[in-house]
Structures are given as structure tokens and as C-alpha cells.
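User: I should like to learn how the features of a structural model are read. Please take me through one case step by step.

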Amino acid sequence: MTHFDTRSGFVSIVGRPNVGKSTIVNSLVGEKVAIISSRPQTTRNTIRGIVTLTDESTQLVLVDTPGIHKPRTALGERLNTLVYGSLAEADAVLFVLDATKPIGPGDRRIAERLMQAEAPVVVAVNKVDIADKDKVLLQLSEAGEWDFEAYVPISAKKSDGMDLVIRELVALCEPGPFFFPPDAKSDQPDQLLAAELIREKYLARLRDELPHSLAVVINELETLDNGVVRIDATAYVERESQKGMVIGKGGKVVRDVGTEARVDLERLFGTKVFLELNVKVEKDWQTKDELLDRMGF
Ligand SMILES: Nc1nc2c(ncn2[C@@H]2O[C@H](COP(=O)(O)OP(=O)(O)OP(=O)(O)O)[C@@H](O)[C@H]2O)c(=O)[nH]1
Ligand SMILES: [Mg+2]
């Protein structure tokens, strides 16, 4: 029999779009490993954030997932499949609810799926910093009928209650080896994180449906002799008519996004970054399997 001095576990973070899953992951990890926006469907792939307790007794591998919703495109379907697929490898699930919204059919559908899954479920009622106390209590008691492992009211934005979340999840870990070095924060390749940071800056400034039509791909990422990191990136939109909005008047939008992204990228790489960002039209990329493959979904 194998004996382990350490404990570890994979935790899937699931819930409807925009409930704060990625904010929770960043808060637990203590670093920005996942991008955040006020728009639903921000996260598009499973991003792993890693939390190792300071005494190095336990390692949690947090798997941030896209919000579960009614799919309307091939991309939407892939995202939902991705989420439910992540449950197969999960030792525990953190099911996130938004305290500012009543529990709806979307939440119930997810809850029913989770009841059939093997992994134990901890429910986090998030955004309590902006929700009425009464609403939080009501939601806790309604969710309590699902009979999951534990219920924790939190504010990921204010990092309130995160120690409770950690405690509940650690209790569900089994003896086992660490999957990553104790100081690791994420398993995400630099290319992907860089593309995500650029997309985040766009999400913050584009209106209407455009965010869903946008994908960012890193064509090249290299460290030059002088230590500067050079990144060549393309923002894809679906229609010629959208190109103008992504570029902006006189190139203002693409320039501002580039400037903001560079600040985050320089923090990420710890060095000066030279970012070349251009815009291309790739018709209906969300519905074409071949394009989704190429974009890494
Ligand atoms: N006030 C408040 N806002 C929060 C909290 N947690 C997240 N938010 C906000 O909610 C919005 C969505 O947060 P995300 O972390 O991107 O949500 P998500 O569940 O990952 O969304 P998808 O990836 O689209 O499924 C952002 O505007 C966050 O700043 C919180 O505890 N309090
Ligand atoms: Mg997210």
C-alpha cells in the first residue's frame, strides 16, 4: 500500500455565467490566473489555479470553468461539455451561486447534475458584499434543500470567507501526491494567459454582442536578446462591420487595449513587453469546428 504524507485534490468550480467563479479562483490563489469581466461567458476554457497550504500539507488544484448556460452555438456546446467533463476528474466541486439573484432554473439544472456526480459538493453563495442580508439567508436556506456537503457565504471580490472555503475543500481532500510544485499558481502556458489578458481588456470596453464574437490568438511570443518579451497577437472578429469597433477611431481602441494589456503582461513576465496587436475578420468562427480547434478550444 502506498502511503502519502500529503493530501491533494482537484476541485471543479462550476455555476452559471457571471456568478464570480474566476474571481474566486484568483482570490484563493492570491494571483490573477483567470480573467474577469462584468459580462457573462467570460471564461472559455478550464483554467487551473493552484493553492498549496503554507505548511505544505495539502494542495488544491482549482479548475475554473466556463459558466453553464443554454448553448446556442458550437462554441457554447463545447463549453458546457468541457464543464461537465471536468466533473469526472474532480475530487470535490465548488458550486457557486450569486447572492444578488434568486436561485433560478439554470442553478437548479446544475444542482441536479451535481447530485448525480460522484464528487462531494460545497456551495458558495458569492457577492454577499452587495446583497441584502435577507436575500443571502433565503438563498442559503433554499440551496440547503439540495443537501450538499457544506454552504459558505462569501465575497470573492473582498476576499471574505475564503478561509472557510479552503477549510471545507481541504476537508474533502484525500491523502495523495502534489500535482504541481508547491510554489506553482497555475498550469496555464504563458501564451494562453497573455491572450486572455488582452481579451479581458477588450471585454471591458466593447458593447452588445461583440464580446462573444471576439477571440484573441498569440501568433508569436519570444524573449529578445535584450530581455524584452515580444508578443505578436491577433484579435479575431466575425464580421467586417465589427472590425471598426475593435480598432476604434484612428486606431484608438486597439491602442488603448494594447497599453492596458501591456501593464498586466509586464507584471506577468516581470520584464518590458513589446506588444503587436492586429485585428482580423474570421467569419463565424464560433460555429466552425475547424476554427475552434485552431483557436485551442
Ligand atoms: N460585488 C461583487 N462582485 C463580484 C464578486 N465576485 C465577482 N464579482 C463580479 O462579478 C462579475 C463576474 O465575475 P467573474 O469572476 O468573471 O464571473 P464568472 O463566474 O467567472 O463568469 P464566467 O466566466 O462568464 O462564467 C465581475 O464583474 C466581478 O467583478 C463579489 O464577491 N462581489
Ligand atoms: Mg469566469
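User: Which helix supplies the largest share of the shell around ligand 1?

Analyst: In this predicted model, helix H1 (residues 21-29) makes the largest contribution to the shell around ligand 1, with three residues. The shell counts 23 residues, and those that come nearest to the ligand are Gly-20, Ser-22, Thr-43, Gly-67 and Lys-157.

User: How many residues of each class does the shell around ligand 1 hold?

Analyst: Twelve residues of the shell are polar, seven are nonpolar and four are charged.

User: What does the domain assignment of the chain give?

Analyst: The assignment divides the chain into domain 1, covering 7-175, and domain 2, covering 190-294. Their C-alpha centres lie 27 Å apart. Contact between the domains involves nine residues of domain 1 and twelve residues of domain 2. On the side of domain 1 that touches domain 2, three residues are nonpolar, four are polar and two are charged.

User: How should the side chains along a strand be read, and in what order do the strands of the open sheet stand?

Analyst: As a general idea, side chains in a regular strand alternate between the two faces of the sheet. The case here is an open sheet of three strands in the order E8-E9-E10, with mixed pairing. E8 and strand E10 (273-281) are the edge strands; each has a single partner strand, so one side of each is left without a neighbour in the sheet. On average, neighbouring strands of this sheet are turned by 15° against each other, with direction ignored.

User: How many bridges join E8 to E9, and which residue is the bridge partner of Ala-215?

Analyst: Strand E8 (residues 215-223) and strand E9 (residues 229-237) run antiparallel and are joined by eight bridges. Ala-215 has Tyr-236 in E9 as its bridge partner. The two strands form a hairpin with five residues between them. Within the turn, Gly-227 has a positive phi of about 90°.

User: Which strands do helices H6 and H7 lie across?

Analyst: Helix H6 (residues 190-205) lies across E8, E9 and E10, and its direction is at about 130° to E8. Helix H7 (residues 240-247) lies across E9 and E10, running at about 155° to E10.

Conventions. Residues numbered from 1 in each chain as written. Chains lettered and ligands numbered in written order. Predicted model: local features only at pLDDT ≥ 70, side-chain atom pairs only at ≥ 80, totals over all residues. Near = placed C-beta within 6 Å. Helix = DSSP H or I, 4+ residues; strand = E, 2+ residues; numbered from the N terminus. Nonpolar A, V, L, I, M, F, W, Y, C, P; charged D, E, K, R; others polar. Pairing = 2+ DSSP bridges. Domains from an automatic or database assignment. Contact = placed C-beta atoms within 7 Å. Axes fitted to C-alpha atoms, helices over the stretch in contact; angles between N-to-C directions.
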